[in-house]
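Q: Got a minute to go through this one with me? I'd like to get the fold straight before I set anything up.

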Amino acid sequence: MRKDTRTKQRLWRWRSNPLRRHDDIVEAWIVLAMGTVIALGGVLAGLAAAHATYDFLAQQRAGRHDVQAVLLERTPEVVVTEAGAGNARFRAKVRWTAADGTTRTGTAMVDAGRKAGAMVQVWTDNQGNLTTEPTTVAEASVFAGYAGTAAALAVGGVTYAAGRVTRWRLDQRRYDQWAREWRLVGPQWARKTS
């Protein structure tokens, strides 16, 4: 089969044809719209989600600060098993001085095997409250990539599903139309035996 024949077969809904129905034109526009929204909408949604995630994590990094704190209790030693080292961080009470000069206490994740009175690094927010360590730039890039991919797939999936449902409804409408036409024409073709 020649290349131009295959192209004509793919674009049959767009050609002028006495057998072409209005539903064929509607279906062609639906397929075109689906492809456009999946391609462009997926890319735009993915980029928007990736940028939003990266910006959010950058703001989070800017609002968290590392501070030196005093460990108030001893942390357990690491238990080494045949599978390898156990949990190397434990929750423990610490005391630190906030940016406003007040002394505060709380619990933070601390490395195993540390003695009371040791200096440890903890992370605080702008109000001086303990928080988790912010993501690194590399981790933020990976999370932004995941968010962008998920958004693009979601837009593509929802668009594809909506298009398939619409095309299914068009098919149902065509089947109903064929059934009505057959009820009119079918009796004329039936054999009459006498």
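Q: Okay, how many bridges join strand β1 to strand β4, and do they run parallel or antiparallel?
A: There are 3 bridges between β1 (residues 65-71) and β4 (residues 89-97), and the two strands run antiparallel. Keep in mind that this is a predicted model.

Q: Which residue stands opposite leucine 71 in β4?
A: That's valine 94.

Q: And what about β4 and β5, how many bridges there?
A: β4 pairs with β5 (residues 103-111) over 9 bridges, in the antiparallel sense. One facing pair is phenylalanine 90 with valine 110 in β5.

Q: How many residues sit between the strands in that hairpin?
A: The hairpin of β4 and β5 has 5 residues between its strands. Glycine 101 in this hairpin takes a positive phi, near 95°.

Q: What does β1 do with β6, parallel or antiparallel?
A: Antiparallel: β1 and β6 (residues 119-124) pair over 6 bridges. Histidine 65 stands opposite threonine 124 in β6.

Q: So what's the strand order in the sheet?
A: The order is β5-β4-β1-β6-β7, an open sheet of 5 strands with antiparallel pairing. β5 and β7 (130-131) are the edge strands, and each of them pairs on one side only.

Q: Zooming out, how many helices and strands are in the protein?
A: The protein has 3 helices and 7 strands. Along the sequence the pattern reads α-α-β-β-β-β-β-β-β-α.

Q: And how much of it counts as buried?
A: 24% of the 194 residues count as buried.

Q: Switching to the helices. How do the axes of α2 and α3 sit relative to each other?
A: The axes of α2 (residues 22-62) and α3 (residues 137-189) come within 7 Å and cross at roughly 160°. With a crossing over 145° counting as roughly antiparallel, α2 and α3 are therefore roughly antiparallel to each other.

Q: Is that crossing left-handed or right-handed?
A: The α2 and α3 crossing is right-handed. In the contact of α2 with α3, the residues divide into 21 nonpolar, 11 polar and 8 charged.

Q: Charged, good, I care about those. How many salt bridges are there in the whole structure?
A: A search of the whole structure finds 8 salt bridges. One of them joins the side chains of aspartate 23 and arginine 173, at 2.7 Å from N to O.

Q: Why would that one matter for how the chain is tied together?
A: Aspartate 23 lies in α2 and arginine 173 in α3, so this pair ties together parts that are 150 residues apart in sequence.

Q: Are those two side chains buried or exposed?
A: Aspartate 23 counts as buried, at 5% relative accessibility. Arginine 173 is partly exposed, with a relative accessible area of 47%.

Q: Which residue does arginine 174 form a salt bridge with?
A: Arginine 174 forms a salt bridge with glutamate 27, and the closest N and O atoms are 2.9 Å apart. Arginine 174 lies in α3 and glutamate 27 in α2, so the pair ties together parts that are 147 residues apart in sequence.

Q: Is that pair buried or exposed?
A: Buried on either side of the bridge. Arginine 174 is buried with a relative accessible area of 5%, and glutamate 27 counts as buried at 4% relative accessibility.

Q: Where does glutamate 77 come in?
A: Glutamate 77 forms a salt bridge with arginine 74, with 3.3 Å between the closest N and O atoms. Glutamate 77 is partly exposed, with a relative accessible area of 47%, while arginine 74 is exposed at 51%.

Q: Which residues are joined into one network?
A: Asp24, Glu27, Arg167, Asp171 and Arg174 are joined into one network by salt bridges that share partners.

Q: Last thing, glutamine 127. Where is its place?
A: Glutamine 127 is in the loop between β6 and β7. Glutamine 127 is exposed, with a relative accessible area of 53%.

Q: What separates the C-alpha atoms of glutamine 127 and alanine 98?
A: Those C-alpha atoms are separated by 8.0 Å, and glutamine 127 and alanine 98 are 29 residues apart along the chain.

Notes:
Residues are numbered from 1 along each chain as its sequence is written. This is a predicted model: local features need pLDDT of at least 70, side-chain atom pairs count only at pLDDT 80 or more; totals for chains, interfaces and linings use all residues. Side-chain values use heavy atoms; hydrogens and water are left out. Axes are lines fitted to C-alpha atoms, for helices over the stretch in contact, and angles run from 0 to 180 degrees between N-to-C directions. Helices (H or I, at least four residues) and strands (E, at least two) are DSSP runs, numbered from the N terminus. Angles under 35 degrees count as roughly parallel, over 145 as roughly antiparallel, 65 to 115 as roughly perpendicular and the rest as oblique. A crossing is left-handed if the near helix is turned anticlockwise from the far one by less than a right angle, and right-handed if clockwise. Ala, Val, Leu, Ile, Met, Phe, Trp, Tyr, Cys and Pro count as nonpolar, Asp, Glu, Lys and Arg as charged, and the others, Gly among them, as polar. Two strands pair if DSSP finds at least two bridges between them. A salt bridge is a side-chain nitrogen of Lys or Arg within 4 Å of a carboxyl oxygen of Asp or Glu. Buried means under 20% relative accessible area, exposed over 50%, partly exposed in between (1.4 Å probe, protein chains only).
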